[in-house]
Each structure stands twice: as C-alpha cells, then as structure tokens.
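The following exercises concern pockets, cavities, cysteines and backbone geometry. Each task is followed by a solution in steps.

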Amino acid sequence: MSSPTPSTLRVGRRYRANRLEGPYDAIVIGSGIGGLTAAACLSKMGKKVIVLEQHYTAGGFTHSYDRNGYEWDVGVHYIGDMGAKHTLARRLFDYVTDGQLQWAAMDDHYDRLFIGDRQIDLVAGPEAFAKELKSQFPGEEQAIDSYLDYLSRVAKAMPGVTLAKVLPNLMAGPFRYLARRKAPDFLNRTTREVLETLTGNQELIAALTGQWGDNGLVPDDSSFIIHALIARHYLYGGYYPVGGASEMAKTIIPVIQQGGGEVFTYADVKEILVENGKAVGVRMADGQAIHAPAVISNAGVFNTFGPLLPDNAPHKAFYQNKLGQVQRSMASVCLYIGLQDTAENLALPKTNFWIYPGADYRGQVENFLAAPDSHDIPLTYISFPSAKDPSFAERYPGRATIEIVAPGPFEWYQDWADQPWGKRGQDYEAKKDAYAQRLLEKLYEKMPHLRGKVDYYELSTPLSTDYFCRYSTGEIYGLDHTPERFEQDWLKPKTRLPGLYLTGQDIMTCGVVGAMIGGLLTTVAVSGLKGLPLAKKMFVG
C-alpha cells in the first residue's frame, strides 16, 4: 500500500528563523481557533503577535485538507448563532475576520436523530423546535417548555461564570459566590439528573441529548452547562462557512498581519522559556529562542503544564497536581468519503445525521467499548460538507464529500503509536478498513442509493489527531466537560506564572465558538483594563 500524499491546502507562512521580525508583544503557541482569536484581538489593539503552529497548515481543528481530488474539514461540521449579526458568536467572527467570512444556512432541520427505529428532527427556531418535539412526544408539552426555559436560564447565568475567569483573584472569589447565588441550582448538575427532574420519558431525554457527540460525553456524565450551551447554540439552526473550514484561518491571518504579526507553520515549540520566575518566550525545535512579554498557550493544559513547561518552573508541581483533577475527552475516528457526482445529483442533505441503536446512550457506549465486534456502534455522526458549502461545486465540479465520525479509543491503535504517519503497515490498515466498512454500512442503511457510488475513502484515527493537533490520546474536545471540570478555578487565561497565559477550549468549553470565547477572555486577561472596552463590545454589543 502506498503512503498517502500530504495535503496541498496550506494556510500560514512556513517558519524559518531568518523570517522572524521581532520584537513581538506576544507569542501564541498553536494556531487553533482560540489562539487565532487571541492573536487577532491583540493585533487590533496594536500588538504585534506571532503564532507558532507545528503542523504544515494553520487552523487546528478548523483546518481542511485535500487528497485524491477531494477536500474535507476535520472538525468544523456546523456552527450555530451565525444567522443574526447581533449574537456574540457572529460578532466575534466578524471582528476577527474584518467581516470577510461568509456563512451559508443549513436546512431548517439541521440535525436528524435516528434513535432505534425513531426519527426525530431538531428544527431551527425555538417555536418550531418545540412544535416538532411536542408532535413526537404527546403529553410531554410541559417538560419541553420547561426544558427551553432551562436553556435560557443557563444562558443568563453564563456571563457571570465567564467574567469570573478574568477577574483578579481578590475579586473573583466574592464575584463567583454572587454569580452562583444568582445562577439556577441545576446549572452544574449532570445533564441526565437535570432532565430526569423534567420528565421520566427516556426517549424524550435521548432526543433532547441527541447532540451529545458535540462534547463527547454521555448525558449521565456531562455538566448541564455544556449541554445547555450546545443546545442553545444551535437553537436557531446550523451554518457552514462558505469556502469550507480553512476560510476561518485564511480570513483571520490578515488581521494578525495588519499589526505586524505573522502565523508560522512547521513552527515546532519545544519549551516555554522561564527566567527569574517569569515566562519570557519560547525555544523552537531548531534551537531558536523567541522572546515576548506574554506567552499564550493554545496547546491545551496537558501539553502546557507537561512537556512545554520546564520542570524547574515555579508552580509546575501545582499544575501537575491540578491535571489529576481533569480528564482528557473522548477520542474518535473520522471516515472521509469522496464521491464522483454532485451533492445535488446524489441528493445529499444540508442536515447532519446522528444514528443511535437506542435511547440508552451510556449502556451502548459501555457495551461497545467492552466488545466492539459484537455490539452496534453507539454513535454514528454523518455530515455532508459538500452539500452545506455553496462554493463546493464550483471548486470541485462533479464531486461530493461525506464525513462520518464515531467513537474510536486511542487504545485500539496504541500498538502503532510509535510508527510514522502514513507508514504504519498492513495490520494497521486492515484494522482501519474493518471499521471503515462498518461505518459505510451505516451510511448505506440511511441512504441506500449511495452504495456503489463511493470513489475514495480513508479513516483517520486518534493517532492522526495526535500527529496533526498534538492531543496525545486523540482527544478532540480537550477536557471532559464534567461538573468537576467546571469547578476548577485554575482553568482560566491567567496562570500563576507571570507572563504565561492559556487560551482555547480548555478555558471555557469545547467547540469553535467556545474556543473563540477563550481567545477573547485571554485578550482581556493580557491587556488588563485596556481590554474592557473590547469585552463590553463583544459581550454586550
């Protein structure tokens, strides 16, 4: 079997030591959307920011890649809150891209759930959403109305939770206490616990939590905070970036460059430089030292407080201890599919499919992980990017793409972890192909007319996630969004080490917009009082 060819889609400038044009005001490690957001916001405040990305293209989980004449996105399957200019999410995107990124709406029924034999559509707009669910679950009208009320109560409580992340320690404690008193008591209970107080109907609970794959934790274990944020985020429908996911980095980079900054690829940071108890810069794989008064890590807390922070750095032991109180999120596989026909001819929908064997999400996951060959896949998510992106047909005439995401633990592929990408041998390829065939069958069950139409497919495993995004067990959502995670007051932009900041999905929550809010909060933390007008502009409008 021949090695796959690397993608030709490259965003960012290739790093060379002689291309550095310091001094820089800030260094960002990692070009995921949180890092890019922080860099763009700081750039707009007159700062010169350098973003260092070890991969050959910028964007983190928002990058795209091409192979065999097709293009796929690796993590941006849909974004909510983009239909109206006044939402926080849309304001943020317009701000960091100078309004250059365009959005296309998905179908009104943006998510279609298949739970056992039932099909339930999640429909855009709170009234339409409620109406569809009430028609499916007669007698549960009150539970459905209460549920929507709970979502808005969480939304009202979130500014308090968010603000506590950037206040100085002296103020944060009392403020957090006040914010908690105002917050509903169900805020940080598990999702299942909260929903069980509204209804005993397990199928309705399964329908309401049918997007659990968007944070990777079954409702029994996830905090109601993350459930409510995701559900509310998509309440007005799903949207897709015109031109594909890579347009995000493409439209943000010019904003970073306007301030004199740059986004470098192939730029592998080996360690954070610490002098006199302060973070003062980074050392690159080529030995080059780059200095700046602010070092912002978008590499996740496990990388930041693990290999990147020198062992003799102050507070390292404190953070190593804290890492024991959070878990890495679930790992997954993704099947990338190419078809030689248009999305229109193939009748591909602008709707995501979520396929579950039944309503017992936790039981199905546990059974499958214990004996994958004898149990059904507990969650199969199917996305049709070429149908969602109106520019796809002109960019790739006569072609279409599909992506299928499913659970895939790191342990399954661990034996090949030390072997280089693209050269892991026949056994690895055979193991991948066996799972790929199962996922294709899931697609054909729902869309039998596609059988025989698949021209190309390849499966990415947690090893790919580690190779391209440096998540060592292939976790795509950073940290598990358990109630305990939301109790960790150290998960905030400002670290105990002066000059070192965190950004991205570990600060607030996962997801593109969650990581972007992390980037905004980091900007405020780095700039102090100067950042307050920006915070007000984004959060209040």
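**Exercise 1.** Determine the volume and the lining of the second largest pocket.

Solution. The second largest pocket has a volume of about 570 Å³. A pocket here is an open set of points on a 1 Å grid over the protein atoms alone, with protein on both sides within 12 Å along at least five of seven lines, and lining residues have an atom within 4 Å of a point. Grid points are joined across faces, edges and corners, and a volume is the space filled by probe spheres set on the points. Among the 26 lining residues, L167, P168, N169, K492 and K494 are the closest to the centre of this pocket. Next, assign the lining to elements, which are DSSP runs numbered from the N terminus (helices: H or I, at least four residues; strands: E, at least two). At least two lining residues each come from helix 5 (169–182), helix 11 (316–323), strand 21 (500–502) and helix 17 (512–527). Helix 5 contributes the most, with 4 residues.

The model is predicted: local features need pLDDT of at least 70 and side-chain atom pairs count only at pLDDT 80 or more, whereas totals for chains, interfaces and linings use all residues. Residues are numbered from 1 along each chain as its sequence is written, and side-chain values use heavy atoms, with hydrogens and water left out.

**Exercise 2.** Find how many cavities of 30 Å³ or more the whole structure holds, and describe the lining of the largest cavity.

Solution. The search returns 4 such cavities, a cavity being a set of points where a 1.4 Å probe fits but cannot get out. The largest cavity encloses about 90 Å³. Its lining comprises 13 residues, with T209, Q211, W212, N215 and H227 nearest the centre. Helix 8 (residues 224–233) gives the most to this lining, with 3 residues.

**Exercise 3.** Establish how many disulfides are present, and examine C334.

Solution. With a disulfide taken as a pair of cysteine sulfur atoms within 2.5 Å, the count is 0. For C334, the nearest cysteine sulfur, that of C469, is 12 Å away. C334 is also buried (under 20% relative accessible area, 1.4 Å probe, protein chains only), at 6%.

**Exercise 4.** Locate the cis peptide bond at P23 and the positive phi of N276.

Solution. The cis bond joins G22 and P23, with omega about 0°. P23 sits in the loop between strand 1 (13–14) and strand 2 (26–29). N276 has phi near 50° and lies in the loop between strand 12 (269–275) and strand 13 (278–284).

Terms used
Buried < 20%, exposed > 50% of the residue type's maximum accessible area, 1.4 Å probe, protein only.
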